[in-house]
Amino acid sequence: MTEPVALAPVASAKGLTKRFDGLDRPALDDVAITIAPGEMTGLVGPDGAGKTTLIRILAGLIDPDAGEATVGGRPATVQDRNALGYMPQRFGLYEDLTVRENLDLYADLRALPHDERADRFATLLDFTDLDRFQARLAGKLSGGMKQKLGLACALTREPRLLLLDEPGVGVDPVSRRELWAMVSQLAGEGIGILWSTAYLDEAEKCDTVFLLNEGKILASGEPDELTGQMDGRVVRYPVASDRRRVLREALDEDSVIDGMVQGDSIRLLLKDGADAPPASAIDASGEPRQARPRYEDAFVDLLGGGPGGTSALAARYPEVPASDKPAIEAHGLTRRFGDFTAAHDIRFSVGRGQVFGLLGPNGAGKSTTFKMLCGLLTPSEGTGTVNGFDLRTARADARQSLGYMAQKFSLYADLSVRQNLAFFAGAYGLDNSAAREAVESAIETFHLGPYLASDSGLLPLGYKQRLALACAVLHRPPVLFLDEPTSGVDPIVRREFWSHINGLVERGVSVLVTTHFMDEAEYCDEIALIYRGEQIATGSPDHLKEVAGTGDAPMEDAFIALIEQSDARREEMEAA
Amino acid sequence: MIDPASHPRLARFAAMMSKETRQILRDPSTFLIAFLLPVMLLFLMGYGVNLDATSTRVGMAVEDDSGEASSLAGAYASSRYFDVVETGPLQRLRKSLVSDDIRAIIVIPQDFGRDVAAGGGEVRVITDGSLPNTASFVAGQAEGVRATWAAQRASDRGMAADPPIDLLSRFWFNPELASRNFLVPGSIAIVMTMIGSLLTALVVAREWERGTLEALMATPIGMGEFLLTKVIPYFALGIVSMALCTLLAIFVFGVPFRGSVFALFLIASVYLVPALGQGLLISSALKNQFVASQVALLTAFLPTMLLSGFVFEIASMPKPIQALTYIVPARYLIPQIQTVFIAGDDWGLFLPDMAILLAFGAVLFGLCLRFTRRRIA
């Protein structure tokens, strides 16, 4: 072949615009994208950015209001569907069919000839490590295995275009890594791949990235190109103690637009052209070193920088009085459902003004532990206390001293913002004048003014999360339980949440939090890693990294190492 | 197995059919609706529902001491419709009525003998108004017994009787057997509606809810093909369930079957066309199992139960309601199915009804195709 190397894209679109009824802004606004063969193209953005809409247009399942999408040289709606691999967010598996039956179905639907089937299935089953589970019902697979089967079904016939809609969502980091490795191998075979994700760290690994926010493409191109623009603007300061307070002070500096805690240091993103503040100005224990910028830094910069370090919520929060009792305690909490042990012998103690993180893959037992400590689920064994109140004997007092933010939006979707606030103020037993005051203060603190009369269910995700937090703290509880508070929101809202959490902790509030973002785990004073119902490791982030033997690498590496160690131990025991 | 290399369309179709069949076989709720429910319904209609009241426990207050009064009291005591468990003054019987020991009080009033001699003579019936059905049955039967007694007395004396014939006819009819003969075949219509409309109302909505349809739509399968693979298994299920009901009707309930098996099969098949069309239309348009099942109950099950002439005679409904029955497909099925069981094949009756049912089916499936586009929004 003497053709030049520039290969024609497998799919492209330009000028795509799509509006949905009931939404005030278009889901997609003049979006252009190209997907080259043999490349991993990332579609990155927070929930509600328009990723799914764009993927569905490329799959020919939604007609855009304007613009056109072309796949394999034909309009997307009449593309050759035998050459399309599509994995929707919910995988599209038939849970009452077995692994093999699902594969057979999709092979027949995509007209994979019988004589090629044995080879292809052998490859796919080996590739996804599902060979042993061929006869298992898809509904009985774990989340990670379902996801691999979903991928295998999308690949029954080698596609030219593979569309993956948030394959990493709801799956633990171990499965995410495995899936990534599988898919990048496919790119090597010349398939054009679109991988959509809300995790910005995944963007860094793509060949080309399209950054989508509120329906618009904010940036496109090689991730390094964008990240490179942040060179020299990211610095790390060693901090001896009280990292959260130092971070808050640093974020209040004019020259700093974003920052996070990382190990025994804080990591700051500087304003373009600004000099790093001297260590003395922010109470750091040493002078700054340059750090490698990340894709997220570029995103935050494009969005105009994160919020300052001072939390308006914390400023109004009463100081939690000192106490000799721990704020939260779990004594051997165990919960069984029939034969299945969802959580086994969970023990930890959280002191006043501490952040305690529960980490673990989906289904590991985090939410079960959470619910036991909230008094929503009675433990099969063990007990817990909240603010000194025993959950067995003083459940009502324990509940009154905690604010709970559930994983899913659990406010009344068809009540307005103000009605929800008023309802929860009443539910927490605030009297009329106190309720009025609390509601007004919540509206100001969380900037809910423009949305007061809107149905809560129709709010943008970031505002839903703000409202949920506002409702959880109306009664100024000394203890906060936050179940994945930042799941799916953009980095700015995440920063805002953590500035509230950090601020509250300084006022003496104790926080129990779960998260999927490993960088957020760094904010915690202590972490318990839960896996298959067992508490496999507990300690400060640095301690866990030490135990895992991953040194200064990001928390995610420590997490994966600890899980792999636990798997190895279990296999040894089973073998013995 | 069909090799997709040579026959891609056929291979797709076979794969979808076998997938659908497996799902039906693995889903216990399908069995519940297709087999257990029909059996329960048939037993309920065959044994539980009785449109006639048999022996009712009553109290009797005889306030007259004439010969006529005691003769009538004897007639009540020996009637097979009444079980006189208590006699005495009205005051005491009233307590028994309130405490539910008796269902009614029959009062033969003072001066009854004198009234009879004067050509009149009425009894009073006191019933519990909170049970309106029982109350009206008892009142009617009490009057019936009195009229029979009066006629008997008149003929004994060689006088021309003046009996209220419309009331008497009730007792010559054997209500128990007759109601079973029309209720049991009628319930086959209910069963086919449940399978055709309620079960299928769930199937497309289920694929929407679980996100499987989204994955299917990204494959080459056509939407018409997809719908067809939904129709055929449920059609088969409907026929199997109908056959089960027919066997039960004949061998357990002793309902006569005077028509031909072919006619019954054809009648059922034709009825399933609009029933399946309605279920699929509901399912494709609503995309939500819960709402779809509610709508299927309201628009398919209830009209079939109430407006098809199955239990309530259409001719005795108010005119506007009668007009409404014309758009209930089961209305055209009930006469056919009752005829094929009780009277035999009557193609003059069957064919026009079948034509109407097929027309309904064509409209419903046409709408269905329009709703099931290969698009998500």
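**Exercise 1. Locate the annotated domain of chain A and describe its second segment.**

Solution. The unreviewed UniProt entry lists "domain: ABC transporter" at residues 11–239 and 328–557 of chain A. The coordinates to be examined belong to a predicted model. Next, take the segment 328–557 of chain A: helix makes up 36% of this stretch and strand 26%. The C-alpha atoms at the two ends of the segment lie 28 Å apart.

**Exercise 2. Determine how helices α2 and α4 of chain A are oriented, and name the residues that join them.**

Solution. Begin with the geometry. Helix α2 of chain A covers residues 99–109, and helix α4 of chain A covers residues 143–154. Their axes come within 9 Å and cross at roughly 25°. Angles under 35 degrees count as roughly parallel, so α2(A) is roughly parallel to α4(A). The crossing of these two helices is right-handed.

Then list the contact. From α2(A) come A:Val99, A:Asn102, A:Leu103 and A:Tyr106, while α4(A) supplies A:Leu149, A:Ala152 and A:Cys153. Sorted by class, the contact of α2(A) with α4(A) has 6 nonpolar residues, 1 polar residue and no charged residues.

**Exercise 3. Carry out the analysis for helices α14 and α16 of chain A.**

Solution. Helix α14 spans residues 417–427 of chain A and helix α16 spans residues 461–472 of chain A. The two pack at an angle of about 25°, with axes 9 Å apart. This angle makes α14(A) roughly parallel to α16(A). The handedness of their crossing is right-handed.

For the residues, A:Val417, A:Asn420, A:Leu421 and A:Phe424 in α14(A) meet A:Leu467, A:Ala470 and A:Cys471 in α16(A). The class count for the contact of α14(A) with α16(A) is 6 nonpolar, 1 polar and no charged residues.

**Exercise 4. Describe the side of chain A that touches chain B.**

Solution. First, count the residues: the contact takes 27 from chain A and 25 from chain B. Second, identify the elements. Those that give two or more residues to the side of chain A that touches chain B are β6 (84–87) and α2 of chain A. Of the elements there, α2(A) gives the most, with 6 residues. Third, classify: the residues on this side of chain A divide into 15 nonpolar, 3 polar and 9 charged.

**Exercise 5. Set out the domains and annotated transmembrane regions of chain B.**

Solution. The domain assignment of chain B gives domain 1 (13–49 + 179–376) and domain 2 (56–156). Taken over C-alpha atoms, the centres of these domains of chain B are separated by 48 Å.

UniProt, in an unreviewed entry, places "transmembrane region" at several stretches of chain B, including residues 182–205 and 295–315. Residues 182–205 of chain B are 100% helix and 0% strand, with end C-alpha atoms 35 Å apart. Residues 295–315 of chain B are 57% helix and 0% strand, and here the end C-alpha atoms are 27 Å apart.

**Exercise 6. Characterise the crossing of helices α1 and α10 of chain B.**

Solution. Helix α1 (residues 8–26) and helix α10 (residues 223–251) of chain B have axes that come within 9 Å and cross at roughly 45°. That angle makes α1(B) oblique to α10(B). The crossing is right-handed. Among the contributors from α1(B) are B:Arg12, B:Phe13 and B:Glu20, and those from α10(B) include B:Glu225, B:Lys230 and B:Pro233. By class, the contact of α1(B) with α10(B) has 7 nonpolar, 2 polar and 4 charged residues.

Definitions and conventions:
Residues numbered from 1 in each chain as written. Chains lettered and ligands numbered in written order. Predicted model: local features only at pLDDT ≥ 70, side-chain atom pairs only at ≥ 80, totals over all residues. UniProt positions renumbered as here; feature names shortened; annotations may be inferred. Helix = DSSP H or I, 4+ residues; strand = E, 2+ residues; numbered from the N terminus. Axes fitted to C-alpha atoms, helices over the stretch in contact; angles between N-to-C directions. Parallel < 35°, antiparallel > 145°, perpendicular 65-115°, else oblique. Left-handed = near helix turned anticlockwise from the far one by under 90°. Contact = placed C-beta atoms within 7 Å. Nonpolar A, V, L, I, M, F, W, Y, C, P; charged D, E, K, R; others polar. Domains from an automatic or database assignment.
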